[in-house]
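This report describes one structure for a reader who has not seen it before. The sequence and the structure come next, and the description follows.

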Amino acid sequence: MSDFKSFDEKNQQITILAELGINVDNLSEVKEFCKSYSKVVLENEPDVIEFNFFYSELDREITLVEKYKDSSAFINHTVNISEGGILEHQFQELVEIFSVKSIKILGTCSEELIKSNEKLDLTFDYRQCAGGCVRF
């Protein structure tokens with residue numbers, strides 16, 4: 001028997017959907033980077049729930065799906081990828097391999113998260129949950 005958890009504006013989980021263009025020709029290099037970057041994020045950030053890259057060879061695009069426990073977990077990630085952060089080198093490699101097409105942030109974000117994102121040189125599309133549930 002499955003249990004259901006309501007997924008609404010009270011849920012603190014943050015999901016990121018980033019659409020990325022691929023800037024290099026070698027798809028195996030891209031896949032290796034995706035595996036290694038995901039691994040280093042999960043090893044260094046215990047409040048990351050999911051960090052997966054999905055590719056379309058035809059479109060030469062990647063969809064990056066990131067799930068965080070809450071706004072604080074995502075803020076921690078942005079600190080880690082920023083200058084002086086423990087993932088700065090890996091993030092610099094990411095921005096060389098990919099170009100950011102769009103970033104959607106799904107969930108109820110704290111004001112602190114929104115303000116911290118203003119410091120980044122990226123455009124975010126914030127979307128709040130209108131209702132739903134998850135099975136676990």
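What volume does the largest cavity have? In this predicted model, the volume of the largest cavity is about 210 Å³. The structure holds 1 cavity of 30 Å³ or more. Its lining is made up of 18 residues, and those closest to the centre are Glu 66, Ile 81, Phe 91, Ile 103 and Leu 122. Two or more lining residues come from each of β2, β4, α2, α3 and β5. Helix α2 gives the largest share of the cavity lining, with 4 residues.

**The largest pocket**

There is also a pocket to describe. The largest pocket holds about 190 Å³ of space. Its lining consists of 13 residues, and Ile 81, Phe 91, Gln 92, Val 95 and Leu 120 are the ones nearest the centre. Both α3 and β5 supply at least two residues of this lining. The largest share, 4 residues, is from α3.

Ile 81 is among the residues closest to the centre of the cavity, and Ile 81 is also listed among those nearest the centre of the pocket. Phe 91 likewise appears in the list for the cavity and in the list for the pocket.

The table sets out the two linings by residue class.

| Space | Nonpolar | Polar | Charged |
|---|---|---|---|
| Lining of the largest cavity | 15 residues | 2 residues | 1 residue |
| Lining of the largest pocket | 7 residues | 3 residues | 3 residues |

**The sheet**

Several of the lining elements belong to a sheet. How many strands form this open sheet, and in what order? The sheet has 5 strands, arranged as β3-β4-β2-β5-β6, with mixed pairing. The edge positions are taken by β3 (48–56) and β6 (125–127); each has a single partner strand, so one side of each has no neighbour in the sheet. On average, neighbouring strands are turned by 20° against each other, direction ignored.

Strand β4 (residues 61–68) pairs with β3 in the antiparallel sense, over 8 bridges. In this pairing, Lys 67 in β4 has Glu 50 opposite. The strands β3 and β4 form a hairpin, with 4 residues between them. Arg 60, in the turn of the hairpin, has a positive phi of about 55°. Strand β4 also pairs with β2, again in the antiparallel sense and over 8 bridges. Here Thr 63 in β4 has Glu 19 opposite.

**Helices on the sheet**

Which strands does helix α2 touch? Helix α2 (residues 71–81) packs on the sheet and touches β2 (14–22), β3, β4 and β5 (98–106). The direction of α2 makes about 125° with that of β4. Helix α3 (residues 88–97) lies across β2, β3 and β5, and runs at about 110° to β5.

**Aromatic pairs**

The last topic is contact between aromatic rings. The whole structure contains 8 aromatic pairs. One of them joins Phe 33 and Phe 98, with 6.2 Å centre to centre and 55° between the planes, and this pair is tilted. Why does the pair tie together parts that are 65 residues apart in sequence? Phe 33 is in helix α1 (residues 27–44), whereas Phe 98 is in strand β5, so the pair links parts 65 residues apart in sequence.

Conventions: Residues are numbered from 1 along each chain as its sequence is written. This is a predicted model: local features need pLDDT of at least 70, side-chain atom pairs count only at pLDDT 80 or more; totals for chains, interfaces and linings use all residues. Side-chain values use heavy atoms; hydrogens and water are left out. Two strands pair if DSSP finds at least two bridges between them. Axes are lines fitted to C-alpha atoms, for helices over the stretch in contact, and angles run from 0 to 180 degrees between N-to-C directions. Contact means heavy atoms within 4.5 Å. On a 1 Å grid over the protein atoms alone, a cavity is a set of points where a 1.4 Å probe fits but cannot get out, and a pocket is an open set with protein on both sides within 12 Å along at least five of seven lines; lining residues have an atom within 4 Å of a point. Grid points are joined across faces, edges and corners, and a volume is the space filled by probe spheres set on the points. Ala, Val, Leu, Ile, Met, Phe, Trp, Tyr, Cys and Pro count as nonpolar, Asp, Glu, Lys and Arg as charged, and the others, Gly among them, as polar. Rings of Phe, Tyr and Trp (its six-membered ring) pair if their centres lie within 6.5 Å; planes under 30 degrees apart count as stacked, over 60 as edge-to-face and the rest as tilted.
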